[in-house]
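Could you walk me through how the helices pack in this protein, and what is worth a look in the loops? Here is the structure to follow along with.

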Amino acid sequence: MSKDYKEIIYLNKTELNSALSQLNQGLLESLVKIKNNSRSTSSEAGKSAKLGGGLGGIFNLNASTSDKDNETLDELFGEEKNIVLNDFKLIALLKDAHPKSLDIAKEGDFVQTSGKFNISDFNFSESVLSGKNNSLNPKIKNFMKDIDAWDKNTETSFKQVNHYMQYANSLAQGNIVLSMNGLISFVNRENFRINSGELQALSYTDRSINILGTVEAIIKKDSRELDEEMGNIFYDDKGSLVNFGKIIPILTEFSFLTTGLIEKGDKFIRPIALYFD
């Protein structure tokens, strides 16, 4: 496979366009101009042109094209054209943003890094493990019994995992959690180009993943320091609402630290793209 090929599995188009419009002045204006020119050309072609082949020939050989025909073609191939355009824009951003390496990137910097990774889809896990009223899915118990692998210890372990997945999913708010050496990222599932089943298959890959994004925050405290900070909030005589607003972020950070998902010094990255070389 070509060394220039990138298997893009995630792309945040909003962040991509925002970054490019600020770094590469005139990009969006150029795209609008191209789109307007395309519409004008299509309109003129609809008056007199004949389609003797190509895409038009697939639908109606040698038929005159109308504005309505061109709209239909845009609808049929619009998504593919958007994908191609967004892929080109990602390549442009990789060149224009001059992202820093993870070890020197500071808060607010563009960052690009690669490495072994772990993807935690707590929402998917909860949907598999949980049954009615957040109890353990009875299908799991039935299956384990069928293969003669069910006992009290197994049941206790599954229940604990189920409770953790429910709790972790509530903290992640349905986002997928990507963790790598030195970083953690909450990834919006709506921006993935692969489905949940395909995402699970990535657990078996030995490839390194590339991430392009921005550094949102750096974890500066360990679990002991966070525990003390949370205790100070609860026992604060002033009862400041400002401090109460910190409880859930602290709880999220504390929970992921104590379970080994992150470490002190790791960086929270807001991802723009995830891809394999």
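Helix 7 and helix 11 are oblique to each other, because their axes cross at roughly 135° and an angle counts as oblique when it is not under 35 degrees (roughly parallel), over 145 (roughly antiparallel) or 65 to 115 (roughly perpendicular). Helix 7 covers residues 152-172 and helix 11 covers residues 247-258, and the two axes come within 10 Å. Axes here are lines fitted to C-alpha atoms, for helices over the stretch in contact, with angles from 0 to 180 degrees between N-to-C directions. Helix 7 passes helix 11 in a left-handed crossing, meaning that the near helix is turned anticlockwise from the far one by less than a right angle. On the helix 7 side the contact (heavy atoms within 4.5 Å) uses Tyr164, Tyr167 and Leu171, and on the helix 11 side Leu251, Thr252, Ser255 and Phe256. By class, this contact has five nonpolar, two polar and no charged residues. Nonpolar here covers Ala, Val, Leu, Ile, Met, Phe, Trp, Tyr, Cys and Pro, charged covers Asp, Glu, Lys and Arg, and the others, Gly among them, are polar.

A word on the model: it is predicted, with local features needing pLDDT of at least 70 and side-chain atom pairs pLDDT 80 or more, while totals for chains, interfaces and linings use all residues. Residues are numbered from 1 along each chain as its sequence is written, and side-chain values use heavy atoms, leaving out hydrogens and water.

Helix 11 also packs against helix 9 (residues 223-234), at an angle of about 150° and with the axes 9 Å apart. Helix 9 and helix 11 are therefore roughly antiparallel to each other, and their crossing is left-handed. Among the residues in contact are Leu226, Met230 and Ile233 of helix 9 and Ile250, Phe254 and Leu257 of helix 11. The contact of helix 9 with helix 11 divides into nine nonpolar, two polar and three charged residues.

Helix 7 has a contact with helix 5 too: their axes come within 8 Å and cross at roughly 140°. Helix 5 and helix 7 are therefore oblique to each other, and helix 5 passes helix 7 in a left-handed crossing. Phe122 and Leu129 are among the helix 5 residues that meet helix 7, where the partners include Phe158, Val161 and Tyr164. By class, there are eight nonpolar, five polar and one charged residues in this contact.

Now for the loops. Here are three residues to find, with exposed meaning over 50% relative accessible area, buried under 20% and partly exposed in between (1.4 Å probe, protein chains only).

| Residue | Loop between | Relative accessible area |
|---|---|---|
| Asn133 | helix 5 (122-129) and helix 6 (138-146) | 78% |
| Gln173 | helix 7 and strand 4 (176-180) | 63% |
| Gly245 | helix 10 (241-244) and helix 11 | 51% |

Asn133 has a positive phi of about 55° although it is not a glycine, and Gln173 also has a positive phi of about 55° without being a glycine. Most residues other than glycine have a negative phi. Gly245 lies 9.9 Å from Ile233, C-alpha to C-alpha, with their positions twelve residues apart in sequence numbering.

Finally, the whole protein: it has eleven helices and seven strands, taken as DSSP runs (H or I, at least four residues, for helices; E, at least two, for strands) numbered from the N terminus. Of its 277 residues, 34% count as buried.
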